[in-house]
Amino acid sequence: MTAPAATLSAVEQDADILVSGAGIAGMIAAAGLAHAGWRVVLVDPAPPPKDAEADGSDLRATAYLHPSVELFQRLGLWNDLAPHATPLAALEVIDTQGWPPEAQAARIFTAHDLGLPVFGWNLPNWLTRRRLGDLLADLPGLDLRFGTGVAGLFTRTTGARVDLSDGSRLGVRLIVGADGRASTVRAAHGIGTQVRRYGQKALAFAAVHDRPHADVSVEIYNVGGAFTTVPLPDHDGRPASAIVWMNDGPRAQALMEMAGAPFGDAMTTRAMGRLGRMDLASPRRIWPVVTQTAARLTAERTALIAEAAHVLPPIGAQGLNTSLADVAALLSALDGATDPGAPAVLDRYARARARDVALRARAIDLFNRVCKSDAGPAHALRRAGLAAVHDIAALRQAVMHAGMGAAFSGGGMGRG
Ligand SMILES: Cc1cc2nc3c(=O)[nH]c(=O)nc-3n(C[C@H](O)[C@H](O)[C@H](O)COP(=O)(O)OP(=O)(O)OC[C@H]3O[C@@H](n4cnc5c(N)ncnc54)[C@H](O)[C@@H]3O)c2cc1C
């Protein structure tokens, strides 16, 4: 990956910034940077899927919370996504025990409590990525290249050279690593990661059900972790939700291989009939559940964002919303800069994000351990914790504010 120092000066500045990875976070970062007037190249070996059934399509749905929607709006991207979005008006948390699950405690958190009509808007990831792919294809200042990725890089104080998998080479002044949990950019800089595993996997898929979701997301805890429903638009005339179902590895694998009808039975029981009969409405995808944090967010001429920097268990809609907080912080760190990869710019970015990322990773790690456990003390802690967080108004407000993200300042938000 490294070449003799002399080589770099020979490489022209083909662009200001290279963004490695056109997942949702990388696309938003590239759009924001081009929007700010930088010459940006965005590369990804995997083009967006045509539809939900396509191989490798991301069947997760993301609840974009207030600060994330504001970022979409600021970049002029929300109007195209809004028609596909479903509101998230409330979150119901139910702690259960045993099988079939029996409710031990339940509380509802509403957006009104924060002075908001909704917490945010839900969108399926495959659709968001496809729409963004279309929008970014014509964005001035952005060179979007699917089918190639970062194969190697070399940096100096004056600039960086990136080798792409199609054999081409680019000279830039900043590399943004948005290339996911196995980031090539992070590895190329030898940045280590701290990984916490739980022996847990999460299934992500869409389901149809008899009863309407009323724009309420439901998180039901039982041994193995959370079963979460995220409201979606109706599908084939039936109410529909995106589901994230966490379990210990072997149980998750067994559910992944289960035939449709028995899977519907198991799902309906796991959801305690809360949405009536539930049936599969898409292929299933399975993800290892980990908490992973990069040892540092920056390196020479490089900034890491999103899952290249931090991976969180899928609880409380934190993953991608935390990633978009990285994007917002990177854009403001570059505000007024003449050299996008200058050490002062990278320090500003790292200072803005490091503490929030570390605190969020620690909190979600602890929360996931308590929520997946079947031990008596964990049950007691869950029940007491849920009651305290909901019933003590000041604590409820503080936790909901923190959940909305570091950039949340309160105040109303509409669909438009
Ligand atoms: C089951 C589940 C449910 C979730 N639900 C939610 C939720 O409700 N709300 C929420 O906020 N978050 C949620 N998350 C987390 C969220 O989905 C992820 O944090 C987010 O999708 C990660 O986005 P990303 O752009 O960082 O990475 P990715 O989506 O992994 O994108 C990385 C991209 O980099 C590309 N790439 C890889 N190598 C290279 C290379 N060498 N060069 C160039 N490109 C490369 C890949 O092709 C890929 O397109 C969930 C996660 C899971 C597992």
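These notes go through a predicted model, beginning with the ligand and moving on to a sheet, a helix and one loop residue.

1. The surroundings of the ligand. The shell around the ligand holds 32 residues, and those that come nearest are Asp44, Val150, Thr184, Glu307 and Leu320. By residue type, this shell divides into 16 nonpolar, 11 polar and five charged residues. Several elements each supply at least two residues of the shell, namely helix H2 (24-35), strand S2 (40-44), strand S3 (61-65), helix H5 (125-137) and helix H9 (319-334).

2. Polar atoms facing the ligand. Two of the nearest residues also appear here: a backbone N or O atom of Val150 lies 2.9 Å from a nitrogen atom of the ligand, and an N or O atom in the side chain of Thr184 is 2.9 Å from a nitrogen atom of the ligand. For Ala61, a polar backbone atom is 3.2 Å from an oxygen atom of the ligand. On its own the ligand has 1000 Å² of accessible area, of which the protein covers 87%.

3. The sheet as a whole. Six strands form an open sheet with mixed pairing, in the order S8-S2-S1-S12-S20-S19. Its edge strands, each pairing on one side only, are strand S8 (142-146) and strand S19 (298-299). At the S19 end, S19 and strand S20 (residues 302-304) run antiparallel and are joined by two bridges, with Ala299 having Thr302 in S20 as its bridge partner.

4. Strand S1 within that sheet. Strand S1 (residues 17-20) is joined by four bridges to strand S12 (residues 174-177), and the two run parallel; S1 is likewise joined by four bridges to S2, again in parallel. Individual positions show how these strands are set against one another, since in a sheet strands pair through backbone hydrogen bonds, either parallel or antiparallel. Ile17 has Leu174 in S12 as its bridge partner, while Leu18 stands opposite Val41 in S2.

5. The side chains of S1. In a regular strand the side chains alternate between the two faces of the sheet. In S1, Ile17 and Val19 point one way and Leu18 and Ser20 the other way, yet all of them are buried.

6. Helix H3 and its cover. Helix H3 (residues 66-74) has several buried residues, which are His66, Pro67, Ser68, Val69, Leu71 and Phe72. The elements that cover these buried residues include H2, S3, helix H4 (78-81), strand S7 (120-124), H9 and helix H12 (393-404); among them, H2, S3 and H9 also supply residues to the shell around the ligand. Just after H3, Gly76 takes a positive phi of about 70°.

7. A loop residue worth a look. Thr148 is found in the loop between S8 and strand S9 (150-156), and Thr148 counts as buried because its relative accessibility is 3%, where the cut-off for buried is under 20%. The side chain of Thr148 makes a polar contact with the side chain of Ser165, at 3.2 Å, and a polar atom of the Thr148 side chain also lies 3.2 Å from the backbone nitrogen of Asp166. Once its neighbours within four places in sequence are left aside, Thr148 is in contact with Val43, Asp44, Pro45, Leu164, Ser165 and Asp166. One of these contacts, Asp44, is also among the residues that come nearest to the ligand.

How values were computed: Residues numbered from 1 in each chain as written. Predicted model: local features only at pLDDT ≥ 70, side-chain atom pairs only at ≥ 80, totals over all residues. Heavy atoms only, no water. Near = heavy atom within 4 Å. Polar contact = N/O pair within 3.5 Å; in protein donor to acceptor, adjacent residues only side chain to side chain. Areas by Shrake-Rupley, 256 points an atom, 1.4 Å probe, with all protein chains shown as cover. Nonpolar A, V, L, I, M, F, W, Y, C, P; charged D, E, K, R; others polar. Pairing = 2+ DSSP bridges. Buried < 20%, exposed > 50% of the residue type's maximum accessible area, 1.4 Å probe, protein only. Contact = heavy atoms within 4.5 Å.
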